[in-house]
Amino acid sequence: MSSYKSDFLRELEARGFIHQLSDADSIDEGAAERMLTGYIGFDATAPSLHAGSLVQIMLLRWLQKTGHKPIALMGGGTTRIGDPSFRDDARPLLTDEKIDENLAGIKKVFARFLNFGEGKTDAIMVNNRDWLDDLQYIDFLRDYGRHFSVNRMLSFESVKIRLEREQNLSFLEFNYMILQAYDFVELNRKYGCNLQMGGSDQWGNIVNGIELGRRVDGSTLFGLTSPLLTTSSGAKMGKTASGAVWLNAEMLSPYDYWQYWRNTEDADVGRFMRLFTELPLDEIARLEKLEGSEINEAKKILATEATAMLHGREEAEKAANAARTAFEEGAFSADLPTVEIEADALDAGLGLLTALVRAGLCSSTSDARRQIKGGAVRINDAQTSDEKTVLSGENLTSDGVVKLSLGKKKHVLLKPAR
């Protein structure tokens with residue numbers, strides 16, 4: 001039984017979100033007696049966040065659901081430097097235009113998880129470029145840089161790892177932790193934000209912000225981190241052999257997102273249900289005890305609930321039904337991922353190798369060639385072993401598409417644009 005008084009920490013503890021707390025008693029007391037305002041920062045290094053960011057997004061969601069105010073901080077300023085935490089090399093520097101494009105894509109996801117508005121506990125989204133771009137560097141160093149010990153900064157695990165591996169850590173990157181600390185101070189001044197959350201790799205940066213707030217403003221600030229997640233087999237969360245598990249539908253279809261969760265390792269089902277769905281804990285406890293083939297039913301529930309959270313219940317049910325039709329009934333489903341091709345592509349003849357790459361089922365024609373030789377490729381559910389196959393109008397089904405399959409779980413419909 002939890003020793004926490006607040007709904008916020010009780011829920012987080014029961015679902016496995018808590019790794020470190022800067023002052024557990026004060027955070028718990030504050031969350032039980034008044035509204036907390038908490039933030040997490042997200043840098044815009046790609047046009048979409050991926051599933052590795054979901055723990056942080058869910059932290060903000062639970063903060064709001066338990067009566068507190070979440071801030072999603074977009075790193076329009078800090079992205080210009082790049083967070084060096086636990087990286088072997090520097091992130092490539094992005095132009096301001098590219099950062100703005102990425103921010104536009106990232107913002108789409110948050111409305112699925114948080115309620116934005118003008119109310120007391122409504123979420124807000126802010127961009128740290130609003131204050132970082134206006135800093136006068138000499139003044140900033142004089143007023144804030146003096147509060148940071150280089151000796152201490154060198155002791156942080158994320159910095160030590162880079163130095164021990166003899167990987168370059170630029171002065172530009174070294175500034176990142178100062179700017180992140182300043183973000184916390186600025187958010188406290190502007191919005192009364194008193195809690196910063198993040199993954200455990202952010203602990204040093206969060207502590208910096210807590211201490212900077214105390215030194216320059218006399219503020220009492222707090223930090224909370226979640227565990228860095230890997231699968232039971234050690235794979236990094238949000239990554240697959242074919243690439244990142246993006247959260248934006250235009251970069252990864254709801255069907256493929258559903259499939260990602262359906263393929264969860266048996267040992268991770270309960271843990272992922274607690275973190276990535278809002279299913280009742282007693283129901284999760286029942287489902288994670290299932291064994292043998294029955295655990296697959298629990299995986300389908302996980303996949304549907306996680307997909308509904310991001311893409312909506314209708315898309316989640318479509319994905320579940322498409323999977324059931326394609327895998328269990330061996331039939332065709334119009335809800336499978338669809339890739340449009342030029343109207344005359346089939347008339348001219350479309351090589352199978354090219355088609356597999358265009359469909360996103362293979363990374364290259366050499367990869368497609370290997371898959372065909374291995375017997376993994378099917379056209380309209382019929383296996384093919386001929387890499388010289390050319391698709392034409394004769395391959396269109398009555399629904400006007402060609403179904404390409406790779407293995408048992410990956411299916412794409414090729415549809416001529418008319």
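**View 1. Asp133 and its salt-bridge partner Arg129.** At 40% relative accessibility, Asp133 counts as partly exposed in this chain, whose coordinates come from a predicted model. Its partner in a salt bridge is Arg129, and the closest N and O atoms of the two residues are 3.9 Å apart. Arg129, in turn, has a relative accessibility of 15% and therefore counts as buried, since the cut-off for that class is under 20%. The pair thus joins a buried arginine to a partly exposed aspartate.

**View 2. Glu186 and Arg189 in helix H10.** Both residues belong to helix H10, which spans residues 176-191, and because they are 3 residues apart there, about one helical turn separates them. They form a salt bridge in which the closest N and O atoms are 3.9 Å apart. Glu186 is buried, with a relative accessible area of 10%, whereas Arg189 is partly exposed, at 39% relative accessibility. Through salt bridges that share partners, Glu186 and Arg189 are joined with Lys190 and Asp217 into one network.

**View 3. A salt bridge between Lys108 and Glu250.** The side chains of Lys108 and Glu250 meet in a salt bridge, with a distance of 2.9 Å from N to O. This pair links distant parts of the chain, the two residues being 142 residues apart: Lys108 is in helix H4 (residues 96-113), while Glu250 is in the loop between strand S8 (243-244) and H12. Glu250 has a relative accessibility of 54% and so counts as exposed, the cut-off for that class being over 50%. Across the whole structure there are 22 salt bridges.

**View 4. Helix H12 and its buried residues.** Helix H12 covers residues 254-262, and because 8 of its 9 residues are buried, the rest of the structure largely encloses it. The buried positions in H12 are Pro254, Tyr255, Tyr257, Trp258, Gln259, Tyr260, Trp261 and Arg262. For the protein chain of 418 residues, buried residues make up 50%.

**View 5. The surroundings of Arg271 in helix H13.** Arg271 is found in helix H13, which runs over residues 269-276, and this arginine is partly exposed, with a relative accessible area of 28%. When residues up to four places away in sequence are not counted, Arg271 touches Leu229, Thr230, Thr231 and Ser232. The C-alpha atom of Arg271 is separated by 8.9 Å from that of Ile284, a residue 13 places apart from it along the chain.

**View 6. A negative surface patch that includes Glu29.** Asp23, Asp25, Glu29 and Glu33 together form a negative patch on the surface. One of these residues, Glu29, lies in helix H2, which covers residues 24-33. Glu29 is partly exposed, with a relative accessible area of 37%, and therefore lies above the cut-off of over 30% that applies to residues of a patch.

**View 7. The protein chain as a setting for the close-ups.** The secondary structure of the chain comes to 19 helices and 15 strands. Among contacts between residues at least 6 apart in sequence, 73% join residues that are at least 24 apart. The accessible surface of the protein chain comes to about 19500 Å², and 46% of this surface belongs to carbon and sulfur atoms.

Key
Residues are numbered from 1 along each chain as its sequence is written. This is a predicted model: local features need pLDDT of at least 70, side-chain atom pairs count only at pLDDT 80 or more; totals for chains, interfaces and linings use all residues. Side-chain values use heavy atoms; hydrogens and water are left out. Patches are made of residues with over 30% relative accessible area and no salt bridge: like charges are joined within 9 Å, nonpolar side chains (Val, Leu, Ile, Met, Phe, Trp, Tyr) within 5 Å. Accessible areas come from the Shrake-Rupley method with a 1.4 Å probe; for residues, only the protein chains shown count as cover. A salt bridge is a side-chain nitrogen of Lys or Arg within 4 Å of a carboxyl oxygen of Asp or Glu. Lys and Arg count as positive and Asp and Glu as negative; His and the chain ends are not counted. The place of a charge is taken as NZ of Lys, CZ of Arg, CG of Asp or CD of Glu. Helices (H or I, at least four residues) and strands (E, at least two) are DSSP runs, numbered from the N terminus. Buried means under 20% relative accessible area, exposed over 50%, partly exposed in between (1.4 Å probe, protein chains only). Contact means heavy atoms within 4.5 Å.
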